[in-house]
Amino acid sequence: MALMAWNSNLSVNVQQFDTEHKKLIDLVNQLHDAMKGGRGKDAIGGVLKSLVDYTQRHFAAEEALMKMQGYPDFEAHKKEHNTLVLQVLDFKKAFEAGKAVLSQELLNFLRDWVASHIQSVDRKYGPYFNTKGIH
Ligand code: FE
Ligand code: FE
């Protein structure tokens, strides 16, 4: 069973970013499946790397649009992205160092930050971008 699912509560009303959030959730679920399925460290590490890479690309895309559109909360939002990336890189390093006990903790952390970041921080840019004609 999937660890998390996209639903309309997670919609930010900007199509590109809804699509990217769905992909992010898909990668968290892939990681969950790989860990639960007892896949090897290399396979799990590969999914984790895809997730980290995609997260960074997604954050960069949001930041570029916020900056271009003069979003007032740009700096705070970017700061939150930076914190999240540092946290997830810490987990990745710990995973690579062989701390397998981290698995469930990592999954819960990923699920919670994806959901709470989208709901509490990303959703705030929706109305702003909408006023700029971006949907
Ligand atoms: Fe986002
Ligand atoms: Fe964001």
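# A tour from helix ends to the iron site

Select Gly38 to begin: this glycine comes just after α1 and takes a positive phi of about 65°. The model in the viewer is a predicted one, and each stop below names what to select.

**Stop 1: helix α1 and the segment before it**

Now select α1 itself, residues 15-36. How far apart are the end C-alpha atoms of α1? They are 31 Å apart, which agrees with the 32 Å that 22 residues should span at 1.5 Å a residue.

Move back to the segment before α1 and pick Asn13. Asn13 is not a glycine, yet its phi is positive, about 65°. Most residues other than glycine have a negative phi.

In that segment before α1, select Met4 as well. Is Met4 buried or exposed? Met4 has a relative accessible area of 10%, and the cut-off for buried is under 20%, so Met4 counts as buried. Add Asp26 to the selection: Met4 and Asp26 are 22 residues apart in sequence, while their C-alpha atoms are 8.3 Å apart in space.

**Stop 2: helix α2 and the loop after it**

Go next to α2, residues 41-68, and select Val52, which is found in this helix. Its relative accessibility is 3%, so Val52 counts as buried. Then show Lys92: the C-alpha atoms of Val52 and Lys92 are separated by 8.4 Å, although the two residues are 40 apart along the chain.

Follow the chain past the end of α2 to Gly70, in the loop between α2 and α3 (74-96). Which class does Gly70 fall into at 48% relative accessibility? Gly70 counts as partly exposed, because that class runs between the 20% limit for buried and the 50% limit for exposed. For a long distance to draw in the viewer, join the C-alpha atoms of Gly70 and Lys36: they are separated by 43 Å, with their positions 34 residues apart along the chain.

**Stop 3: the iron ions**

Select the iron ion (ligand 2) and show the side chains around this ion. Which residues coordinate the iron ion (ligand 2)? They are Glu62 through OE, His77, His81 and His117 through NE2, and Asp122 through OD, at 2.1 to 2.2 Å. Along the chain, these donors follow the spacing E-x14-H-x3-H-x35-H-x4-D. Among the residues at this site, His77 in helix α3 and Asp122 in helix α4 link distant parts of the chain, being 45 residues apart.

Check each of that pair in turn. His77 has a relative accessible area of 2%, so this histidine is buried. Asp122 has 0% relative accessibility and therefore counts as buried too.

Now show the iron ion (ligand 1). Glu62 bridges this ion and the iron ion (ligand 2), and the two ions lie 3.5 Å apart. Keep Glu62 selected and add Asp122: their C-alpha atoms are 8.8 Å apart in space, with a separation of 60 residues in sequence.

**Stop 4: helix α4**

Asp122 lies in helix α4, so select the whole of α4, residues 103-131. Where does α4 bend? The bend is at Asp122, and its angle is about 40°. Over its 29 residues, α4 should span 42 Å at 1.5 Å a residue; the end C-alpha atoms are 41 Å apart, which agrees. Just after α4, select Gly133, where phi is positive, about 85°.

**Stop 5: the cavity**

The tour ends inside the protein. How many cavities of 30 Å³ or more are counted? The count is one, and the largest cavity holds about 30 Å³ of space. To see its lining, select His21, Leu24, His58, Phe59, Trp113, Val114, His117, Ile118 and Asp122. The elements that each give two or more residues to this lining are α1, α2 and α4. Helix α4 gives the largest share, five residues.

Colour the lining by residue type to finish. Five of its residues are nonpolar, three are polar and one is charged. His117 and Asp122 are among the lining residues, and both were also named at the iron ion (ligand 2), where they are among the coordinating residues.

Note on methods
Residues numbered from 1 in each chain as written. Chains lettered and ligands numbered in written order. Predicted model: local features only at pLDDT ≥ 70, side-chain atom pairs only at ≥ 80, totals over all residues. Heavy atoms only, no water. Helix = DSSP H or I, 4+ residues; strand = E, 2+ residues; numbered from the N terminus. Buried < 20%, exposed > 50% of the residue type's maximum accessible area, 1.4 Å probe, protein only. 1 Å grid on protein atoms, 1.4 Å probe; cavity = no way out; pocket = protein on both sides within 12 Å on 5 of 7 lines; lining within 4 Å. Points joined across faces, edges and corners; volume = space filled by probe spheres on them. Nonpolar A, V, L, I, M, F, W, Y, C, P; charged D, E, K, R; others polar. Donors = N, O, S within 2.8 Å, 3.2 Å for Na, K, Ca; no water. Expected span 1.5 Å × (residues − 1). Bend = angle between axes of the 7 residues up to and from the residue.
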